[in-house]
Amino acid sequence: METPVFKFESRDYDTVYEPSEDTFLLLDALEEELEEITAREPLLCVEIGPGSGVVIVALSKHLPAGTGHFIGFDINANACRMTQKTCLLNGCSPVDVVNMDLLAGLRPGCVDLLVFNPPYVPTQPTADSLEEHIAEFHIASDNKLLVHAWAGGADGRAVTDRVLADLDRILSPGGLFYLLLLKENKPQEVLERVSSENFRGKIIKERRIRGEHLYVLRIERGK
């Protein structure tokens, strides 16, 4: 799947995560899984924290037209607006965007395809919520370098673990969940956890980039 067209204004870089290597890895993994996803005829396709919207928009462009409904849930209102903008730029099937915390508002068993590229950088726990918050640090220099840091809490899984705890409630019987993790997030531990909760999962793609080792996991209900 080619990366959808997206357009950032100067102010957007301060609040919305620009597509990067982790985004492209997730797109590559979903492209390889497209035949399997299509065969399951997903009716409700959800991305948590779509940010720029390129992943959910790519899915809406490449899954059969008229067969599914696409929604992005993001606690960041600016990311919601950016996702809508990306959808319009690409003229794809409508993607709805909801400004809310994770998936608490969904009824049980309704999600057929779930995708999540979470805040995964291990950080010290703070008193503040870690939900999809992007910390921006402006370094005083001539080029005004902007560094995006994803706050993931202990093991980088503060938000991921909340989604895993809700997975049995929201995933449909034939649903698929694609999750991106960093090596420090202990992906094998995540697979052991879901296995103990009557799910099965495996690593379907991995990539080393600039000192990071990223993985994409595919998780579904056990047979």
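In this predicted model, R169 is partly exposed, with a relative accessibility of 28%. The side chain of R169 takes part in a salt bridge with D166, and the closest N and O atoms of the two are 2.7 Å apart. Both partners belong to helix 5, which covers residues 158–170. R169 and D166 are three residues apart, or about one turn of the helix, so this pairing stays within one element.

The pair is one part of a wider picture, as the count of salt bridges comes to 18. Another of these joins R210 to E21, with 3.0 Å between the closest N and O atoms. Here the partners come from separate elements: R210 sits in the loop between strand 8 (199–209) and strand 9 (212–221), while E21 is in helix 1 (residues 21–32). The salt bridge therefore ties together parts that are 189 residues apart in sequence. The surroundings of the two partners can be described as well. R210 is exposed, at 72% relative accessibility, whereas E21 is partly exposed, with a relative accessible area of 25%.

What, then, is the setting of E33 and R218: buried or exposed? Both residues are buried. They form a salt bridge in which the closest N and O atoms are 2.9 Å apart. E33 is found in the loop between helix 1 and helix 2 (34–39), and R218 in strand 9, so this pair links parts that lie 185 residues apart in sequence. Neither residue stands alone, for E33 and R218 belong to a network of salt bridges that also includes E36, R40, R200 and E220.

Attention now turns to the nonpolar residues. The largest nonpolar core contains 30 residues, and L30 and L113 are those with the most contacts inside it. Two or more residues of this core come from each of helix 1, helix 2, helix 3 (54–62), strand 4 (111–116), strand 7 (171–182) and strand 9. Helix 3 provides the largest share, with six residues.

A look at L113 helps to show how such a core is put together. Leaving aside residues up to four places away in sequence, L113 touches I37, P42, L44, C45, V46, L59, L63, L176 and Y178. Apart from the largest core lies another one, made up of 28 residues. Its members include L44, I48, L164 and L167. L44 thus appears in two places in this account: among the residues touched by L113, and among the members of the core of 28 residues.

Note on methods. Residues numbered from 1 in each chain as written. Predicted model: local features only at pLDDT ≥ 70, side-chain atom pairs only at ≥ 80, totals over all residues. Heavy atoms only, no water. Salt bridge = Lys/Arg side-chain N within 4 Å of Asp/Glu carboxyl O. Helix = DSSP H or I, 4+ residues; strand = E, 2+ residues; numbered from the N terminus. Buried < 20%, exposed > 50% of the residue type's maximum accessible area, 1.4 Å probe, protein only. Core = buried A, V, L, I, M, F, W, Y, C linked by side-chain atoms within 4.5 Å. Contact = heavy atoms within 4.5 Å.
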